[in-house]
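Hi there,

Here is the model I promised to pass on. Please have a look at it first, and then read my notes underneath.

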Protein chains: 2
Amino acid sequence: MIKTKATGPIPAGYDAIDGELAIGGQKCSALIAENGSPLFVYSKSRLDDRMAQLRAAMPDGLDLHYAMKANPFPPVLRHMVALADGIDIASGGELQMALEAGAAPEHISFAGPGKREEELEQAIQAGVTINIESPGECDRALKIGERLGKKPRLAIRVNPDFDLKGSGMKMGGGAKPFGMDIELVAPTAKKILDAGADWRGFHIFAGSQALSADAIIDTQAQTLDLAARLATEIGQAPAHVNLGGGFGIPYFPGDEQLDIAKVGAALGDQLAQLPKILSATQFAIELGRYLVGEAGVYLTRIVDRKQSQGQIFLVTDGGLHHQLAASGNFGTVVRRNYPAAIASRFSEEPAETVSIVGCLCTPLDRLSDNAAMPEASVGDIVAIFCAGAYGATASPANFLGQGPATELLVD
Amino acid sequence: MIKTKATGPIPAGYDAIDGELAIGGQKCSALIAENGSPLFVYSKSRLDDRMAQLRAAMPDGLDLHYAMKANPFPPVLRHMVALADGIDIASGGELQMALEAGAAPEHISFAGPGKREEELEQAIQAGVTINIESPGECDRALKIGERLGKKPRLAIRVNPDFDLKGSGMKMGGGAKPFGMDIELVAPTAKKILDAGADWRGFHIFAGSQALSADAIIDTQAQTLDLAARLATEIGQAPAHVNLGGGFGIPYFPGDEQLDIAKVGAALGDQLAQLPKILSATQFAIELGRYLVGEAGVYLTRIVDRKQSQGQIFLVTDGGLHHQLAASGNFGTVVRRNYPAAIASRFSEEPAETVSIVGCLCTPLDRLSDNAAMPEASVGDIVAIFCAGAYGATASPANFLGQGPATELLVD
């Protein structure tokens, strides 16, 4: 008897038409017939709804940034440029894409521990804010600004002395390659001010993918406190403070939705009681996965159904080359099942225990392990949910000569 | 005090010119100056030497196949097509590349658990051998052959009832999506023969990346025994048996080179004592990583040197988007350091403990953790060794808008 393993929770609001999973009003079989398989489908209305919910929950006046690394597919990015108050980029390549998607340079900020000379130059030319990650990088940016005769817009990325509890990835609270340790911040800010550059404030990012409102509230309070202390030390109010993100989405069995109403209310209280030095500061939060993750579904067709030693394998034409994280091979120690379904039998009840694998010739290529599913056969379509963030671009598309999946933004 | 972690063993034969790592007689600084950074450099002479050593060690008449999934860079592939007796492919994309690289269709064989209809058709049209992975796939291939009026060349991929002990990836010895369980093999072979298709024999792959000669010898003996049993059950001699691979290379501290002389001698003995039904069979082994892994080096320039809480970080312009496995995020549970060096100071002694990280804005992007290195600064070049296999194409090149590294085959 094979033990069934649970799959993660399917995001609310995915409905069936004629028994099939439908996205943006289109049945998965029609989407595949028209666009081929495998296919990433992103939903505009889900992006809109998520942003509207977030705006309603967050305090007025707080800027909501989109970290485009989560999903840089141009139609998604253009849509997010229109919805968000700012775009956060992580490379010269992303800068190019953000500009092409219509983002205004003054609403773009660039973080990343290893910016090349050319990238700094490109960013200063374009007039975007650079989140400076080290004293050495500060010197290089100032020198480039001087050479170009342009005033660089420089914020300081701070390595906070705390982390985001329970976060999937800790970005603070220890020796880190990101940002600069607290004692380096004031001297670097003063250097920027002395050089006549435009000091934009702070970028403080303590972690990502947290589902606990209390943990995020606690981190935001510490972040505001740290920003106030640093501003006082520098003796100047920061124009802008990016409070980081950390808002997670449920991927795995037992995960629950983050309570954004609670986070928003607490942040509102905190912003209402700011020390004077931060009273004119513009605050932002930076979200990637939270904005786009649940708006995407990965669809892949079953090309074989086979049994081995009593276990059933559904072999798909997709795999880890598009869904590395879902296969459990990207930043996770113990593999757990993402939310998954037989999309073409979305209304049917589970009838058997199956493993859903990709087409790659490696045991790593597993999309769902011993999951309870309706009985499916060759031609049926598998859906992996939570595919809107860190899917297509966070996977090795060319592995085994496969190439990228098609991506599609629907209504 | 930071505890230094060991790095894996640098493959023998990498020498210095003027104190710098040289590959194919060219200094790493010259290679980077001419081709940019980051850069994969593959060495023709190392490919030649490895194949010559292997031919000398293996029994006469054994075919040596190259599994191109390890490194499909066209110049490397062309070189390997000339050196190897056969090319093993894993997709329609790889079939196209193999043909373009000059491989003869009769020397190509195609394995993979999720072959699409189009891929089967493409393979049958081209006349390459298909390693059939399930009874369902057998039916599809026969039907396509009939429709095209072409006699398909079909071998049967067997899910062996044993695994390769100590292998990095087990491909047999349990319920698997690869190949077919033993009891399905004879009926499927008979179906192929009855349909008048060209039954090519067996493909039996029990695991990969093993460093123990004894484990490989044991597996090869079991594989030959299984092939004989299956042939007897079918009542016909297989034209060809692919014994799989499994030859590993040392990546991590404490790993030692596989003793191929011992493996070759044992395999020679086994082949000399074959049962009669296998006496006319052509045998092959299928190697990817073993042939090309140590012939490649990934070079990446240091763009920042920073300290955080007493730890030194060297930040490079490369990272996990080119070297996912070296970052510890591809199929490994515990991260260990690949062989690494400051290539531009290859002759210098270690002087400090540093972490070498990539340019991506994620804590996953670590190339070497607390390693002992000579003192390096911005502009120095880092080398990650064992980058010839499962590097460029097994990494998410487009993550964070970075794009692929340049690849180069030198003498």
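Below is what came out of the analysis, starting with conventions and then moving from the pairing of the chains to one helix.

This is a predicted model, so local features need pLDDT of at least 70 and side-chain atom pairs count only at pLDDT 80 or more, while totals for chains, interfaces and linings use all residues. Residues are numbered from 1 along each chain as its sequence is written, chains are lettered from A and ligands numbered from 1 in the order in which they are written, and side-chain values use heavy atoms, with hydrogens and water left out.

**How the chains are related**

A turn of 180 degrees with a shift of 0.0 Å along the axis lays chain A on chain B with an RMSD of 0.0 Å (least-squares superposition on the C-alpha atoms of residues with pLDDT of at least 70 in both). That is how a two-fold axis relates copies. Within chain A, A:Pro396 has the C-alpha nearest the axis, 2.0 Å from it.

**The interface**

Chain A and chain B each bring 68 residues to the contact (heavy atoms within 4.5 Å). The copies meet through the same surface, because 100% of the interface residues of chain A are also interface residues in chain B.

About 5200 Å² is buried between the two chains, with carbon and sulfur atoms giving 60% of it (accessible area lost on putting the two parts together, 1.4 Å probe, summed over both). A:Arg116, A:Lys306 and A:Cys361 supply 11% of what chain A buries against chain B, more than any other three residues.

There are 4 salt bridges across the interface (a side-chain nitrogen of Lys or Arg within 4 Å of a carboxyl oxygen of Asp or Glu). In a salt bridge between B:Arg116 and A:Asp317, the N to O distance is 3.4 Å. On the side of chain A that touches chain B, β16(A) gives the largest share, 5 residues (strands are DSSP E runs of at least two residues, helices H or I runs of at least four, numbered from the N terminus).

**A helix in chain B**

Which residues of helix α5 (residues 117-126) of chain B are buried? They are B:Glu119, B:Leu120, B:Ala123 and B:Ile124 (buried: under 20% relative accessible area, 1.4 Å probe, protein chains only). These residues lie on the same side of α5(B), because their arc around the axis is only 130 degrees (taken from the directions from the helix axis to the C-beta atoms). They pack against α4 (92-100), β7 (108-110), β8 (129-132) and α6 (135-148) of chain B. After α5(B) comes B:Gly127, with a positive phi near 85 degrees.

Best wishes

Definitions and conventions. Buried means under 20% relative accessible area, exposed over 50%, partly exposed in between (1.4 Å probe, protein chains only).
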